[in-house]
Amino acid sequence: MDQLSIKQKVFIRRSDGRVHLAEIIKLEGGSINLVTVEWPEGHTVRGKDLPLELVILLNPQIFDPPRCSGNATSTNQTALIPPRSMKQRMAAGSLSPGLATATPRQLTPSVREDQLNQADKMRKERERRREMQLRTRQEREQVKREDAGNPNWEIAKMIRVQRVQLENQPAKSGTAGDRVKGHQIVVCVRKRPLRRKELTDRELDVVSVLSKDTLVVHEPRKHVNLVKFLENHSFRFDYVFNEDCSNATVYEFTARPLIKHIFDGGMATCFAYGQTGSGKTHTMGGKFPGSQQSSMDGIYGMAARDVFATLKTAPYNSRKLSVSCSFFEIYGTRVYDLLMPGKPQLRVLEDGNQQVQVVGLTQNPVKNTGDVLELLEMGNSVRTSGHTSANSKSSRSHAVFQIVLRSETKDQLYGKFSLIDLAGNERGADNSSADRVTRLEGSEINKSLLVLKECIRALGRQSSHLPFRGSKLTQVLRDSFIGGKKVKTCMIAMISPGLHSVEHTLNTLRYADRVKELSVESMAPKRNQDPNLESTSMPDIISQSSSQRPFPSASSSSLPGAANQAQQDINATNDLNRAQKRESKPTSPTSGQQLIQRKGRSAQEVSMMLAKSLARFRGRNFP
């Protein structure tokens, strides 16, 4: 440390291997022995703390030992001579000039060749990546120029690529080989075309109709890294109608087959379900060439025309049937007659025969199609409508138009055809900015639609219980759900093809798909019960196996002897079941009294045996 001084120049080694001169600015002796140096680098000054051993290793010229002489006097004199400076040693030639500058590390030829190859490989990879990025940018710009002004041009391109791979075979009117399906529940889907305003706003069509019974919804999604992609949802129904199908085509496959059913003495129901603004009123009521609706082009008018045409054909012309019509709406929980002046409110009650009656509902006799059209125009003019976020003139009530056939000779109901234009289903998120009345309307609409779905599910399962009292709509239509094979239902699910309506479209299709998958044909057969057993709870509990028990049996480690006891229970149960199978006849059910007589046991013994088995099953000791 004595050979070093402040502002002295010494050689140091950097962390990257470079060696250069630096100036000492601080010396710390003692047990630390640190040398602090600094050096200029560019426009900045850098510093570093070095151990004294490293400074000695890199600067041997400063710490050279003195030359030894033959006697002590010369040795002492030599030791008193101060060391020469670096400049003096360089001038004398004792210090190599190469040490005065930082020298790069010497690399072997093999290592240098590997580094050059790696650098060349990185350069080629960088050029290839830049070419790919340039090509991608050019393709994006070209596609963007094709859809100039379209903010969703990426989604549009992906949808076009998807549709190129699909075969379009939509349902057409009057095609050879088409046969109308005669199921008890028929579910159809109709896709409406884009509106003029949607075309102006460059709205995307995200629904593709593949065939007459299949469609795909292209839902835009994003990955975690924000890369856009399409999630395709496939659905299959009885019929799927694209935007080119007219009301006549939809009527031919949906409501027209039900006309013959009501003339055979049945009950038929056809209703349109879907989002607000999806085209339900257009399908059921007819087109809007102007401010007024043309009822002749809707399912209402076409059904009335076919009813009178069928009434004139044999053998129905000899049955003396009369036709009457009623038209009412269900707004919330209230029922209004649309064919009476002032639209009075009606009451829905049950009579002594448990038949639901709409008290005071007008039944107007009709003689021809013109009379029906007049009633439709009268009812549509006073139907409740309102403004929503999806439609400026949205139907806020369920409109029910009924065509009733009565026998004049017996003065009783012969057949009924209910045509229902449901109110549009809405989400609560879409009504968050609406007023209180609109939100209450939406909640009542969704509640009635939910109950309607449950009733249709029960009808498809042939269930003995129908929850028709859940809403006024299903309560009024009770006779359309009860009657077994005499009841037929057709559902037309209306969907909007726009990108902004994709969530509503998926909800509607899932609703319709849930209804169809629970139809009679798709229901799994119920588990067959043994007819030899009576409907008592005791034998059912005993006949359960160990895997079907609601609670697991105790293990041998937790309860000593429990495994043996459980095995004894199983053996006793199996013996009882085998005895029942041997002595029972499959042709006729065996009662409990006959079982006692055949076994030769008294009723007290049988009851004791059952009580012991039940106690062992519950893990208790029986005396």
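Select Cys 325 to begin. In this predicted model, Cys 325 has 1% relative accessibility and counts as buried. Buried here means under 20% relative accessible area, so Cys 325 qualifies. Now pick Cys 245. Its relative accessible area is 8%, so Cys 245 is buried too.

With two cysteines on screen, how many disulfides does a search of the whole structure find? The count is 0. A disulfide would need a pair of cysteine sulfur atoms within 2.5 Å. As a reminder, a disulfide is a covalent bond between the sulfur atoms of two cysteines.

**Next stop: the open sheet**

Select residues 9-13, which make up strand 1. Add residues 44-51, which make up strand 4. These are the edge strands, and each pairs on one side only. The sheet they border has 4 strands in the order 1-2-3-4. The sheet is open and its pairing is antiparallel. Look along the sheet for the turn from strand to strand: neighbouring strands are at 45° to each other on average, direction ignored.

Now keep strand 4 and add strand 3, residues 34-41. This antiparallel pair is joined over 8 bridges. For one of the contacts, pick Val 35 and look across to strand 4, where Leu 50 is the bridge partner.

**Next stop: the annotated site**

Select residues 274 to 281. The unreviewed UniProt entry annotates Gly 274, Gln 275, Thr 276, Gly 277, Ser 278, Gly 279, Lys 280 and Thr 281 as "binding site".

Colour two threonines from this set. Thr 276 sits in the loop that runs between strand 10 (267-274) and helix 9 (280-285). Thr 281 belongs to helix 9. Is Thr 276 buried or exposed? Its relative accessibility is 5%, so Thr 276 counts as buried. Thr 281 has a relative accessible area of 23% and is therefore partly exposed.

**Last stop: helix 10**

Select residues 299-311. This is helix 10, with 13 residues. From first C-alpha to last, helix 10 reaches 18 Å, close to the 18 Å expected at 1.5 Å a residue.

Why is helix 10 described as largely enclosed by the rest of the structure? Because 11 of its 13 residues are buried. Show the side chains and step along the helix. The buried residues include Ile 299, Tyr 300, Met 302, Val 307, Phe 308 and Leu 311. Asp 306 and Thr 310 are also among them. So are Gly 301, Ala 303 and Ala 304. While stepping, recall that an α-helix has 3.6 residues a turn, so residues three or four places apart point the same way.

How values were computed: Residues are numbered from 1 along each chain as its sequence is written. This is a predicted model: local features need pLDDT of at least 70, side-chain atom pairs count only at pLDDT 80 or more; totals for chains, interfaces and linings use all residues. Side-chain values use heavy atoms; hydrogens and water are left out. Buried means under 20% relative accessible area, exposed over 50%, partly exposed in between (1.4 Å probe, protein chains only). The expected span of a helix is 1.5 Å times one less than its number of residues. Two strands pair if DSSP finds at least two bridges between them. Axes are lines fitted to C-alpha atoms, for helices over the stretch in contact, and angles run from 0 to 180 degrees between N-to-C directions. UniProt positions are given in the numbering used here, feature names are shortened, and annotations may be inferred rather than shown by experiment.
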